Amino acid sequence: MQTKPLEPGVEITSALAVDELEEVKARGFNAVVCNRIEGESEDFPDEARYREKAEQLGLAWVHIAVKPGEYSEADIRAFAEALQQLPRPLLAFCRSGKRATHLWAYAKRQHEQCDLAELFAAAHAAGVDLEDQRHGLERSSQ
């Protein structure tokens with residue numbers, strides 16, 4: 001499992017297997033945000049197995065299922081609430097880390113003080129290009 005930081009206390013990763021939640025816990029994470037849709041691929045058939053395993057390990061678990069590139073205001077609000085309320089450090093994941101990064105960026109843009117260039121730089125450092133979301137991110141702060 002390879003994680004990449006977006007900000008202090010928030011990291012992303014790509015697809016996790018249920019058993020990898022043990023490594024998530026061992027590496028010191030306190031919460032997990034999952035952005036995968038049940039059944040989107042063979043390696044993610046059932047979110048409930050992940051939630052149960054996370055609970056057994058004492059990890060806070062939030063599931064915000066989104067399709068790539070389709071982020072509703074409710075999804076963004078849910079991710080923003082997770083960022084505010086979950087114990088850190090937290091790990092967000094989807095199939096590649098891209099959806100998790102997009103939702104993080106949209107959630108951060110809800111604050112007037114958020115600098116778009118800093119979001120782009122943090123995402124780029126984590127290996128995600130936000131350019132395809134630029135228009136939406138520019139509008140989300142207005």
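Let me start with overall size. For 142 residues, a compact globule would have a radius of gyration near 14 Å, and this protein has 14 Å, so the two agree. Bear in mind that this is a predicted model. The C-alpha trace spans about 40 × 30 × 25 Å along its principal axes.

Next, the fold. We have six helices and five strands. Going along the sequence, the order is β-β-α-β-α-β-α-β-α-α-α. Take the contacts between residues at least 6 apart in sequence: 72% of them join residues at least 24 apart.

Now burial and surface. Of the 142 residues, 44% are buried. The accessible surface is about 7300 Å². Carbon and sulfur atoms account for 44% of that surface. On charge, there are 17 positive and 25 negative. Their mean positions sit 1 Å apart.

On to the interior. In soluble globular proteins, nonpolar side chains tend to be buried together. Here the largest nonpolar core holds 33 residues. Val33, Phe79 and Trp104 have the most contacts inside it. Which elements give two or more residues to this core? Three are strands: E2 at 10-13, E3 at 31-34 and E5 at 90-93. The helices are H3 at 73-85, H4, and H5 at 116-125. H4 supplies the largest share, six residues.

There is another core, apart from that one, with 14 residues. Leu16, Val24, Phe44 and Ala54 are among them.

Let me stay with H4, which covers residues 98-108. How many of its 11 residues are buried? Nine, so to speak of H4 as mostly covered is fair. The buried run starts with Arg99, Ala100 and Thr101. His102, Leu103 and Trp104 are also buried, as are Ala105, Tyr106 and Ala107. What covers them? The cover includes strand E1 at 4-7, along with E2 and E5. It also includes H3, H5 and helix H6, which is residues 134-140.

Two residues of H4 deserve a look. Tryptophan 104 is one of the residues with the most contacts inside the largest core. Leaving out residues up to four places away in sequence, tryptophan 104 touches Leu6, Glu7 and Val10. On the same count, tryptophan 104 also touches Phe79, Leu83, Leu119 and Ala122.

Then histidine 102, also in H4. Is histidine 102 buried or exposed? Its relative accessibility is 2%, and the cut-off for buried is under 20%, so histidine 102 counts as buried. Again leaving out residues up to four places away, histidine 102 touches Tyr71, Val128 and Asp129. Leu130, Asp132 and Gln133 complete that list.

For contrast, go to helix H2, residues 47-57, where arginine 49 lies. Arginine 49 has 45% relative accessibility, so it counts as partly exposed. Glutamate 23 is 26 residues from arginine 49 along the chain. Their C-alpha atoms are separated by 16 Å.

Last, one backbone detail. Most peptide bonds are trans. The bond joining arginine 88 and proline 89 is cis, with omega about 0°. Where is proline 89? Proline 89 sits in the loop between H3 and E5. Both of those elements give two or more residues to the largest core, and both are among the elements covering the buried residues of H4.

To sum up: the largest core has 33 residues, H4 gives six of them, and nine of the 11 residues in H4 are buried.

Methods: Residues are numbered from 1 along each chain as its sequence is written. This is a predicted model: local features need pLDDT of at least 70, side-chain atom pairs count only at pLDDT 80 or more; totals for chains, interfaces and linings use all residues. Side-chain values use heavy atoms; hydrogens and water are left out. Helices (H or I, at least four residues) and strands (E, at least two) are DSSP runs, numbered from the N terminus. The radius of gyration is taken over C-alpha atoms; the globule rule is 2.2 Å times the number of residues to the power 0.38. Buried means under 20% relative accessible area, exposed over 50%, partly exposed in between (1.4 Å probe, protein chains only). Contact means heavy atoms within 4.5 Å. Accessible areas come from the Shrake-Rupley method with a 1.4 Å probe; for residues, only the protein chains shown count as cover. Lys and Arg count as positive and Asp and Glu as negative; His and the chain ends are not counted. The place of a charge is taken as NZ of Lys, CZ of Arg, CG of Asp or CD of Glu. A nonpolar core is a set of buried Ala, Val, Leu, Ile, Met, Phe, Trp, Tyr and Cys residues joined through side-chain atoms within 4.5 Å.
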